[in-house]
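Morning, everyone. Please bring the structure up on your screens, and I will walk you through it.

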Amino acid sequence: MTAYPPKPSPAEAETIAALARLLREEGLALAVRTAAGQTLHLHGRGVSDLRRLTADPTAPLRGATVADKVVGKGAAALMAAGGVRALHAAVISRPALELLGREGVAVACDATVPHIIRRDGRGVCPVEAACAGTDDVAGCLAAIDRFFARMAGGDGAHRHPDTP
């Protein structure tokens, strides 16, 4: 059964709209309004900012509202693990939308696509592909960790251009 996320509340929709404008106007990769009301302006590539925020012991994503340009299944899993309450995505993959639906994260989006494509246009985003074999947050997080461990291995010559 496909799970679809709840719609944002009117208050969440207002915050989401403000964050989406901020994302566009400032050319951000990610904008986060924490539960404490702080706004984070982030510029990292891929899921790097979300990985860092999810691991932060101060839990900045817990109860946060987020605007992101592109959300694949890996980003969705990181947001769910971090405790994001509501999200605006310019583009979101169907697997990400379904995962967020199962996790109860409110989602507004401009476009839904079958999967996220790599920046260079040559196939599926490697993090999205790494998460394809699992339908739960824990499985996606493990797949993301394995992906980054592979990218960090060796002399770095095999680093994917989408990694930080």
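**Helix α1 and onward**

Ile-16 is buried, at a relative accessible area of 4%. That is under the 20% cut-off, so the term applies. One caution before I continue: this is a predicted model.

Ile-16 belongs to helix α1, which covers residues 10-26. Now look at Ala-31. Ile-16 and Ala-31 are 15 residues apart along the chain, and their C-alpha atoms are separated by 9.5 Å.

Stay on helix α1 for Arg-24. Is Arg-24 buried or exposed? Exposed, because its relative accessible area is 57%, and the term starts over 50%. Take Arg-119 as the partner for a distance. Arg-24 and Arg-119 are 95 residues apart along the chain. Their C-alpha atoms are separated by 18 Å.

Next, the loop between α2 and β3. Ala-59 is in that loop. Check its backbone: phi is near 50°. That is a positive value, in a residue other than glycine. Ala-59 counts as partly exposed, with 34% relative accessibility.

Pro-60 is in the loop between α2 and β3 as well. Pro-60 counts as buried, since its relative accessibility is 12%. Where does the chain come back towards it? Try Gly-82, which is 22 residues from Pro-60 along the chain. The two C-alpha atoms are separated by 7.9 Å.

**The largest pocket**

On to the largest pocket. What is its volume? About 460 Å³. The lining takes in 27 residues. Nearest the centre lie Arg-45, Gly-46, Val-47, Val-70 and Arg-119. You met Arg-119 a moment ago, as the distance partner of Arg-24.

Which elements give two or more residues to this lining? Here is the list: α2 (48-55), β3 (65-71), α3 (73-82), α5 and α6 (137-152). The largest share comes from β3, with 4 residues.

And the chemistry? The lining divides into 14 nonpolar, 5 polar and 8 charged residues.

**The loop between β5 and α5**

Move along to the loop between β5 (106-113) and α5 (126-131). Two residues here.

His-115 sits in this loop. It is partly exposed, with a relative accessible area of 33%. Its C-alpha atom is 8.6 Å from that of Ala-96, and the two residues are 19 apart in sequence.

Arg-118 is in the loop between β5 and α5 too. Buried or exposed, this arginine, Arg-118? Buried, because its relative accessibility is 15%. Which residue does the side chain of Arg-118 contact? The side chain of Asp-120, in a polar contact at 2.6 Å.

**Cysteines**

Now the sulfurs. A disulfide is a covalent bond between the sulfur atoms of two cysteines. How many disulfides does the count come to? The count is 0.

Start with Cys-125. It is in no disulfide. Its nearest cysteine sulfur belongs to Cys-131, 8.5 Å away. Cys-125 is buried, with a relative accessible area of 16%.

Then Cys-140. Why is there no bond from Cys-140 to Cys-131? The sulfur of Cys-131 is the closest cysteine sulfur, but at 4.0 Å it is too far for a bond. The cut-off for a disulfide is within 2.5 Å. Cys-140 is buried, and its relative accessible area is 0%.

**Aromatic rings**

Last stop: the rings. A pair of aromatic rings is described by the distance of the centres and the angle of the planes. The count here comes to 1 aromatic pair.

The partners are Phe-147 and Phe-148, with ring centres 5.2 Å apart. Why is this pair edge-to-face? Because the planes are at 90°, and planes over 60 degrees apart earn that name.

Both rings' residues have their accessibility listed. Phe-147 is buried, with a relative accessible area of 4%. Phe-148 counts as buried at 11% relative accessibility.

**Recap**

Three things to take back to your desks. The largest pocket has 27 lining residues, and β3 gives the largest share. The disulfide count is 0. The aromatic count is 1 pair, and Phe-147 with Phe-148 is edge-to-face. Thanks, everyone.

Methods:
Residues numbered from 1 in each chain as written. Predicted model: local features only at pLDDT ≥ 70, side-chain atom pairs only at ≥ 80, totals over all residues. Heavy atoms only, no water. Buried < 20%, exposed > 50% of the residue type's maximum accessible area, 1.4 Å probe, protein only. Polar contact = N/O pair within 3.5 Å; in protein donor to acceptor, adjacent residues only side chain to side chain. 1 Å grid on protein atoms, 1.4 Å probe; cavity = no way out; pocket = protein on both sides within 12 Å on 5 of 7 lines; lining within 4 Å. Points joined across faces, edges and corners; volume = space filled by probe spheres on them. Nonpolar A, V, L, I, M, F, W, Y, C, P; charged D, E, K, R; others polar. Phe/Tyr/Trp six-rings, centres within 6.5 Å; stacked < 30°, edge-to-face > 60°.
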